[in-house]
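Hi there,

Here is the structure I promised to pass on to you. Have a look at it first, and then read my notes underneath.

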Amino acid sequence: MTETMTKPGCRLVRPSGTYDGKQGLTYFEGIASETVGAQAICMHLLTIPPGGRAKVHLHENHETAIYILSGEAVTLWGDRLEERTDLRGGDLFYIPAGVPHLPVNLSQAPVSAVIARTDPNEQESVVLLPDLESLADAILGPRK
């Protein structure tokens with residue numbers, strides 16, 4: 001290993017690959033411990049197709065910040081998904097650690113967003129909440 005590789009340095013990532021998150025969505029690779037050796041943050045790009053939705057989940061140990069680049073989405077959140085936030089291009093949305101949530105694209109166009117989290121291994125603290133899926137179906141209608 002060369003000396004320059006042992007020192008911290010800036011890294012460029014040009015997203016070309018994708019990965020499937022536990023939440024049921026596909027992310028473009030980005031800034032994470034796996035790609036650049038990040039210590040306390042990750043940032044990825046996400047596109048939710050028309051009619052797409054995640055699985056109900058929470059992030060046990062980290063906060064999430066979302067910037068909607070384009071499109072319109074809905075996020076149900078709260079212990080019983082009792083809260084609803086409508087999001088559109090230009091909006092910023094914050095999700096505290098431990099809050100159950102479900103992002104959904106109810107529109108006929110894709111939703112694109114930048115997702116930043118305070119954990120460089122962002123999939124490690126994802127907790128799926130299958131017991132809330134039937135509640136989500138009752139609120140939104142079943143998955144297609």
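Below I go from the whole chain down to one residue.

Please keep in mind that this is a predicted model. The chain has 3 helices and 11 strands. If you walk along from the N terminus, the order is α-β-β-α-β-β-β-β-β-β-β-β-β-α. The radius of gyration is 16 Å, close to the 15 Å that the globule rule gives for 144 residues, so the chain is as compact as a globular protein of that length. Along the principal axes, the C-alpha atoms fill a box of roughly 55 × 30 × 25 Å.

Next, the inside and the surface. Of the 144 residues, 38% count as buried. The accessible surface of the chain is about 8300 Å², and carbon and sulfur atoms account for 56% of that. There are 12 positive and 18 negative charges, and the mean positions of these two groups lie 5 Å apart.

How do distant parts of the sequence meet? Taking contacts between residues at least 6 apart in sequence, 70% join residues at least 24 apart.

Ala73 makes a nice example to find on your screen. This residue sits in strand S6, which covers residues 72-77. Is Ala73 buried or exposed? Ala73 counts as buried because its relative accessibility is 7%, and the cut-off for buried is under 20%. Leaving aside neighbours within four places in sequence, Ala73 is in contact with Thr85, Asp86, Leu87, Val104 and Val111. You can also look for Ser112: it is 39 residues from Ala73 along the chain, yet their C-alpha atoms are separated by 9.5 Å.

Enjoy exploring!

Technical notes
Residues numbered from 1 in each chain as written. Predicted model: local features only at pLDDT ≥ 70, side-chain atom pairs only at ≥ 80, totals over all residues. Heavy atoms only, no water. Helix = DSSP H or I, 4+ residues; strand = E, 2+ residues; numbered from the N terminus. Rg over C-alpha atoms; globule rule 2.2 N^0.38 Å. Buried < 20%, exposed > 50% of the residue type's maximum accessible area, 1.4 Å probe, protein only. Contact = heavy atoms within 4.5 Å. Areas by Shrake-Rupley, 256 points an atom, 1.4 Å probe, with all protein chains shown as cover. Lys, Arg positive; Asp, Glu negative; His and termini not counted. Charge placed at Lys NZ, Arg CZ, Asp CG, Glu CD.
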